[in-house]
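User: I am new to this structure and would like to go through its charged pairs. Please show it to me.

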Amino acid sequence: MSISPGYFITFEGIEGSGKTTQIARLAAYLETMGHHLITTKEPGGTEVGLKIRELLLDPQTVFSSDLTEICLFTADRLEHVHSVVKPSLALGKTVICDRYVDSTYAYQQGGRQLSGILVDSLCHLIDLRPDITVLLDLDPEEGLRRAKSRAVLDRFEEETLLFHQRVRAMYLSRAAAEPDRFIVVSVASASIDEVFVRVIEGVLSRLT
Ligand code: TYD
């Protein structure tokens, strides 16, 4: 099966949903099919973004307003889209990105409860929509348990279960509103291989 190059594929999901593993597997799979691709992430897909990421994830960071936080995610995205994502797509590369604009809706609108109008206005500063978004769906209780077993918690992983439940709910409502773009894969009781099969099936069905 041949796949058109230059697709923009994003992965979304709460902490512990296994995006990193699935991204690596999808990238390897598409490469064997002849794709030229890059994998990247937000926040932190550029030099500037790495500095912004440090600030955003550091548990010691205290912002006086949630607006500061969303502005930093937006700044990170502007840098990333203009200097990495768009130039790669223009070269015909497929770009697989770990988190993108749906994270802002899920975490800043859902989690932080910022107004939808505000989030829309900032997100609309970036005029690039993913072709495909894979949402790895998981109960936050399980996701946080997995995240906690791995490493020191970052500023978002330290948030309450309720916060993460709102994040998940916002993801699911966005996926329901855009079924053509989203592939929702439930990861709770599936093995890594089973999840990957569903990811591949979903991606291939949208690329052809
Ligand atoms: P990261 O370590 O990349 O998380 P993960 O490994 O779970 O993908 O941390 C990124 C954190 O930033 C994650 O908790 C989600 C959050 N985030 C937002 O709140 N808004 C955004 O727009 C983005 C891109 C990320």
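User: Are Asp98 and Lys19 buried or exposed?

Analyst: Asp98 and Lys19 are both buried, a word that means under 20% relative accessible area, with exposed over 50% and partly exposed in between (1.4 Å probe, protein chains only). This is a predicted model, where local features need pLDDT of at least 70, side-chain atom pairs count only at pLDDT 80 or more, and totals for chains, interfaces and linings use all residues. Residues are numbered from 1 along each chain as its sequence is written, and side-chain values use heavy atoms, with hydrogens and water left out.

User: What makes Asp98 and Lys19 a salt bridge?

Analyst: The term asks for a side-chain nitrogen of Lys or Arg within 4 Å of a carboxyl oxygen of Asp or Glu. The closest N and O atoms of Asp98 and Lys19 are 2.7 Å apart, so the pair qualifies. Asp98 lies in strand β3 (residues 94-98) and Lys19 in helix α1 (residues 19-32), so the salt bridge ties together parts 79 residues apart in sequence. Helices (H or I, at least four residues) and strands (E, at least two) are DSSP runs, numbered from the N terminus.

User: Why is Arg25 called partly exposed?

Analyst: Its relative accessible area is 30%, which falls between the limits of 20% and 50%, so the name fits.

User: How do you know that Asp127 is exposed?

Analyst: Asp127 has 60% relative accessibility, and exposed means over 50%, so Asp127 counts as exposed. Its side chain meets that of Lys86 in a salt bridge (2.7 Å, N to O).

User: How many salt bridges does the structure hold?

Analyst: It holds 16.
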